[in-house]
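Colleague: Could you show me the model and let me quiz you on the wording used for it?

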Amino acid sequence: MEKEIHQLNKAGTTFRTIIEPFKIKTVEPLWMTTAEERQKILKDVHYNVFLIQAQDVIIDLLTDSGTSAMSSEQWAGVMRGDEAYAGSRSYQRFEAVVHEIFGFKHIIPTHQGRAAERILFSVMCKEGDIVPNNTHFDTTRANVEFRGARAVDLLIDEGKDTQSKYPFKGNMDPEKLKALIDKEGAKKIPLCMITVTNNSSGGQPVSMTNIRAVKKILDEYGIPLYLDACRFAENAYFIKLREDGYEKKSVEEIVKEMMNYADGCTMSAKKDGLTNIGGFLCTNDDILAQQERDLLIISEGFPTYGGLAGRDLEAIAIGLKEVLHEDYLLYRLAETQYLGEHLDEIGFPIVQPPGGHAIYIDAKTMLPHIPGSQYPGQALVVELYQVGGIRAVEIGSIMFGKVDEDTGEEIPAEMELVRLAIPRRVYTQSHIDYVIEACKRVWENRDALRGYKIVEQAKFLRHFTAKFEPV
Ligand code: F0G
């Protein structure tokens with residue numbers, strides 16, 4: 001990908017350095033901590049990094065969601081926000097931009113992505129239904145299951161191999177989709193979803209060819225296709241870089257084509273909307289839209305604000321335009337790739353190739369001396385904070401481990417990953433260089449890391465509040 005990135009760099013092919021395509025106007029201080037202070041903090045929060053105060057974190061890579069830096073234009077939009085309860089001008093601007101970029105007929109604002117999911121599945125699914133996806137994100141899966149339906153992941157096999165460098169590891173397997181429909185019957189499948197990019201499988205992109213192939217199968221059975229569009233712009237830029245026939249197309253054209261195959265989408269504007277809150281639900285179906293708006297009113301708000309302030313709608317409208325700037329997308333993917341390549345060089349087993357918004361470290365392979373029952377991902381997360389004040393997140397047995405109802409024993413998750421998610425437009429290259437340097441120290445000391453045990457946990461979503469002790 002690097003070669004292609006240079007060819008596209010408008011600054012000229014002779015420049016190796018891809019700079020942040022913005023300058024800094026407002027700053028927020030980082031509070032430095034010493035290793036001794038961090039050791040005490042870790043003890044105080046029982047080694048759960050979700051419980052660390054943000055001020056005590058030097059580089060926060062917990063999530064790329066809602067953590068973007070907004071532009072001066074977006075802040076100007078915030079000041080222009082029209083807070084009329086009904087029919088505000090901010091809604092009109094928001095609706096026009098979403099319509100122009102995504103092309104769907106009905107646009108329903110929500111306070112964030114999961115609210116769009118809840119409304120969509122409440123309206124479209126009933127008990128016993130099945131919803132296929134390349135890989136469901138956890139809130140998507142939870143909302144499907146909360147409705148009494150079954151969430152089925154149909155990722156291609158290459159997507160499950162952490163070392164495969166297949167360019168579109170986020171793809172859905174069309175054969176598996178066809179087999180599922182033939183086995184269960186189309187009546188049980190009210191919709192099919194594709195997540196772009198595929199967050200739960202490493203932020204990997206989905207190709208246009210794949211979206212087209214899935215749509216073709218769904219059309220044969222009359223099943224609608226919805227995109228989980230959170231990272232739509234990053235996905236579109238991957239298509240431009242990696243898929244034949246798209247090199248010369250603009251990202252806007254690519255997004256239009258992606259959306260053209262879909263009957264609707266859910267969106268968390270906290271990712272590629274470049275805002276700190278917001279989302280929306282789109283559909284081309286008049287009857288569904290009516291039902292969705294009815295639900296919206298009882299839980300989110302009136303259809304022209306849907307749980308958001310007018311100023312948020314303005315910020316989203318502007319963010320959705322800015323995220324399509326190709327200098328921005330070039331820098332965005334290059335930044336993630338830069339971190340991934342350096343960790344790879346040090347020796348870290350990372351999910352290959354680097355995805356759009358995050359790098360995932362395979363902690364099971366990195367720390368073979370720590371068994372799954374002692375949470376190798378947790379050991380790495382704690383060490384990253386201890387060494388560099390860096391906050392990452394465990395995506396392994398703590399988040400997804402299940403307890404066997406008969407034996408009471410814990411069944412470890414398939415993978416023990418640690419995600420380093422990069423907020424948009426927030427950190428400079430020297431911040432990333434610092435992360436790389438800290439990671440190198442963690443790597444050199446890896447044999448000395450020890451596992452953890454859980455001493456207290458909640459019944460659901462335990463990772464947020466569990467208390468740990470070193471083994
Ligand atoms: N779909 C995907 C693919 C996501 O990554 C997320 C959120 C959602 C839906 C839900 O959106 O948070 O606005 O309700 N992902 C965040 C993350 C939380 O850290 O990956 P939301």
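Colleague: Let me begin with a single residue: leaving aside its neighbours within four places in sequence, which residues is Thr428 in contact with?

Modeller: Thr428 is in contact with Glu20 and Ile24, where contact means heavy atoms within 4.5 Å. Before we go on, this is a predicted model, so local features need pLDDT of at least 70 and side-chain atom pairs count only at pLDDT 80 or more, while totals for chains, interfaces and linings use all residues. Residues are numbered from 1 along each chain as its sequence is written, and side-chain values use heavy atoms, with hydrogens and water left out.

Colleague: Where does Thr428 lie, and what separates its C-alpha atom from that of Ile19?

Modeller: Thr428 sits in the loop between S14 and helix H17 (429-444). Its C-alpha atom is 8.9 Å from that of Ile19, with the two positions 409 residues apart along the chain. The helix and strand names are DSSP runs, numbered from the N terminus: H or I of at least four residues for a helix, E of at least two for a strand.

Colleague: Why is H5 called roughly parallel to H6?

Modeller: The axes of helix H5 (residues 113-124) and helix H6 (residues 138-146) cross at roughly 30° and come within 9 Å. Axes are lines fitted to C-alpha atoms, for helices over the stretch in contact, and angles run from 0 to 180 degrees between N-to-C directions. Angles under 35 degrees count as roughly parallel, over 145 as roughly antiparallel, 65 to 115 as roughly perpendicular and the rest as oblique. That makes H5 roughly parallel to H6.

Colleague: Which residues make that contact between H5 and H6, and how do they divide by class?

Modeller: H5 brings Arg114, Glu117, Arg118 and Phe121, and H6 brings Thr139, Thr140, Asn143 and Val144. By class there are two nonpolar, three polar and three charged residues. Here Ala, Val, Leu, Ile, Met, Phe, Trp, Tyr, Cys and Pro count as nonpolar, Asp, Glu, Lys and Arg as charged, and the others, Gly among them, as polar.

Colleague: And what makes H7 roughly parallel to H8?

Modeller: The same test applies. Helix H7 (residues 174-184) and helix H8 (residues 208-221) have axes that come within 10 Å and cross at roughly 15°. That value puts H7 in the roughly parallel class relative to H8.

Colleague: Which hand does the crossing of H7 and H8 have?

Modeller: H7 passes H8 in a right-handed crossing. A crossing is right-handed if the near helix is turned clockwise from the far one by less than a right angle, and left-handed if anticlockwise. The contact of H7 with H8 has eight nonpolar, one polar and three charged residues.

Colleague: What about H15 and H17: at what angle do their axes cross, and which residues are in the contact?

Modeller: Their axes cross at roughly 115° and come within 9 Å, in a right-handed crossing. Leu380, Glu383, Leu384, Val387 and Gly388 of H15 meet Tyr434, Ala438, Cys439, Arg441 and Val442 of H17. Seven of these residues are nonpolar, one is polar and two are charged.

Colleague: Why do S2 and S5 stand at the edges of their sheet?

Modeller: The sheet is open and mixed, with five strands in the order S2-S8-S7-S6-S5. Two strands pair if DSSP finds at least two bridges between them. Strand S2 (106-110) and strand S5 (192-195) each have a single partner strand, so one side of each has no neighbour in the sheet. The twist averages 15° from one strand to the next.

Colleague: How do you know that S2 pairs with S8?

Modeller: Five bridges join S2 to strand S8 (residues 279-283), and the two run antiparallel. Set against the requirement of at least two bridges, that counts as a pair. Pro109 stands opposite Phe280 in S8.

Colleague: In what order do the strands of the three-stranded sheet come, and what makes S11 and S14 a pair?

Modeller: The order is S9-S14-S11, in an open sheet with antiparallel pairing. S11 and strand S14 (residues 417-421) share three bridges, and Glu394 has Val418 of S14 as its bridge partner. Helix H15 (residues 376-388) packs on this sheet, touching S9, S11 and S14.
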